[in-house]
Amino acid sequence: MTEFFADIPKLAFQPDATDEFAFRHYNPDEVILGRRMEDHLRFAVCYWHSFAWPGGDPFGGQTFQRPWFGDTMDHARLKADTAFEMFRILGVPFFCFHDADVRPEGASFAETTRNLEEITEYFAAKMEAGGPKLLWGTANLFSNRRFMAGAATNPDPDIFAYAAATVKTCMDATHRLGGANYVLWGGREGYETLLNTDLRREMEQMGRFLSMVVDYKHKIGFKGTILVEPKPQEPTKHQYDYDVATCYGFLQRFGLEKEVKLNIEQGHAILAGHSFEHELALAASLGVLGSIDMNRNDYQCGWDTDHFPNNVPEVALAYYEVLRAGGFTTGGTNFDAKLRRQSLDAEDLILAHAGAMDVCARGLKAAAAMLEDGKLEAARSARYAGWDRPEAQAMLGSDLESIAADVLARGLAPQPVSARQERLENLVNRFV
Ligand code: XUL
Ligand code: CO
């Protein structure tokens, strides 16, 4: 038991609770579409925002004062004790971390690696003692100044080497902890100005880097999924993993589309000018839907604010796409979300997650009900029913001349039909 959460009880599903410290909608054992709610949602708490982020913004520094802030191994262990205490209070089945969140940077690469290995063993013991599983591990290749001009895409081959060696250590840690996935978010894989950037070269480097990651996964027998996380900009002006469509093209170019899937974040979808459900539906249709980061942006700010999810209709449409795609396999719902910097208390950290879990539970239940009702899917099928006819399918294997001759022969004069958008929106509104 750590001091930080000392007075906070373990949360349970209590739909009629009068106290704040309860779940009103998240009931892990409730069966939805044949699967337990916990196994559908596969919640993960992220280490970085909850335990490493000091509360700074572009205009001011640290607002949080946490007893584990500091760069010794003792601090790292206290941070781990506190984090696992929060995982227990929330009853989440997973967590996620970057190397830099969990261990102090050493004076050399060797020392940094030893620190990570030591914390990895500390985690392993806590996980064996009933702690959550690891949804994914990842390398922070964007905070340290050595990565300011990129990691895999850096103009300096020594930085590429340092990044590759770092990813190896993070894949080793993830493998040791039985991680379900390994994520790469290319925070600085992009550019600030084209004036000093060789696009062709940088993309080639990035393709080789990712291919090496996949090779190493197979070499060590890591059974998890390799995931790339799209984001269009911020911190750089332009990032190469712009959105789902761009990432898929990149994977295909390097022959990796069967090896790598995507970790899709709501806030990043918004930055790319898409809806979350667009990104999820596209990834599902391309066979690369892997996992989600369920944190949204403030629509007025226009930057990556990483709010906890708090909008049930939005979340419902997202889970509708996840369920339509068959649900998560190795993926899950990671809260890559942070408190507002004025939310200073231990209680804020717990209740932000509890509220987000309830929002997701409501969204999942609404999505499942829409699927079970079947009217949306029936309307979609009816809209394309013409394509079920054998002649229509045959036309796709035909050519322009034959099609033109057929149009003349049949005296074709097609009439448009209503797409019924408002009626479908009304239908959705019955469930959310
Ligand atoms: C940054 C972001 C990252 C990744 C992991 O916007 O989403 O935290 O999820 O590196
Ligand atoms: Co993210």
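Contact here means heavy atoms within 4.5 Å. In this predicted model, G190 touches T153, E202, T236, H238, Q239 and Y240, leaving aside residues up to four places away in sequence. G190 belongs to strand 7, which spans residues 190–191. Because buried means under 20% relative accessible area, G190 counts as buried at 8% relative accessibility. The C-alpha atoms of G190 and E425 are separated by 38 Å, and the two residues are 235 residues apart along the chain.

A second position considered is E314, found in helix 11 (residues 312–324). E314 has 18% relative accessibility and therefore counts as buried. With residues up to four places away in sequence not counted, E314 touches Q266, R296 and Y299. With one of these residues, Q266, the contact is polar: the side chains of E314 and Q266 make a polar contact at 2.8 Å. Along the chain, E314 and V359 are 45 residues apart, and their C-alpha atoms are separated by 9.9 Å.

The nonpolar interior was examined next. The largest nonpolar core has 109 residues, of which Y47, F123 and Y319 touch the most other members. Helix 12, covering residues 346–373, gives the most to this core, contributing 14 residues. For Y319, the residues touched are L41, F43, I292, M294, F328, T333, C360, G363, L364 and A367, again without residues up to four places away in sequence. Another core lies apart from the largest one; this other core has 9 residues, including C46, W48, L135 and V183.

W48 also appears in the surroundings of ligand 1. The residues around this ligand are W48, H98, W136, W185, E229, K231, E265, H268, D293, D304 and D336. Sorted by class, the shell around ligand 1 consists of 6 charged, 3 nonpolar and 2 polar residues. Three side chains of the shell are described here by their distances to oxygen atoms of the ligand. An N or O atom in the side chain of H268 is 2.9 Å from an oxygen atom of ligand 1. For D293, a polar side-chain atom lies 3.0 Å from an oxygen atom of ligand 1. A polar side-chain atom of D304 likewise lies 3.0 Å from an oxygen atom of the ligand. On its own, ligand 1 has 290 Å² of accessible area, and the protein covers 94% of this area.

Methods
Residues are numbered from 1 along each chain as its sequence is written. Chains are lettered from A and ligands numbered from 1 in the order in which they are written. This is a predicted model: local features need pLDDT of at least 70, side-chain atom pairs count only at pLDDT 80 or more; totals for chains, interfaces and linings use all residues. Side-chain values use heavy atoms; hydrogens and water are left out. A residue is near a molecule or strand if one of its heavy atoms lies within 4 Å of it. A polar contact is a pair of N or O atoms within 3.5 Å; within protein, one must be able to donate a hydrogen and the other to accept it, and residues adjacent in sequence count only if both atoms are side-chain atoms. Accessible areas come from the Shrake-Rupley method with a 1.4 Å probe; for residues, only the protein chains shown count as cover. Ala, Val, Leu, Ile, Met, Phe, Trp, Tyr, Cys and Pro count as nonpolar, Asp, Glu, Lys and Arg as charged, and the others, Gly among them, as polar. A nonpolar core is a set of buried Ala, Val, Leu, Ile, Met, Phe, Trp, Tyr and Cys residues joined through side-chain atoms within 4.5 Å. Buried means under 20% relative accessible area, exposed over 50%, partly exposed in between (1.4 Å probe, protein chains only). Helices (H or I, at least four residues) and strands (E, at least two) are DSSP runs, numbered from the N terminus.
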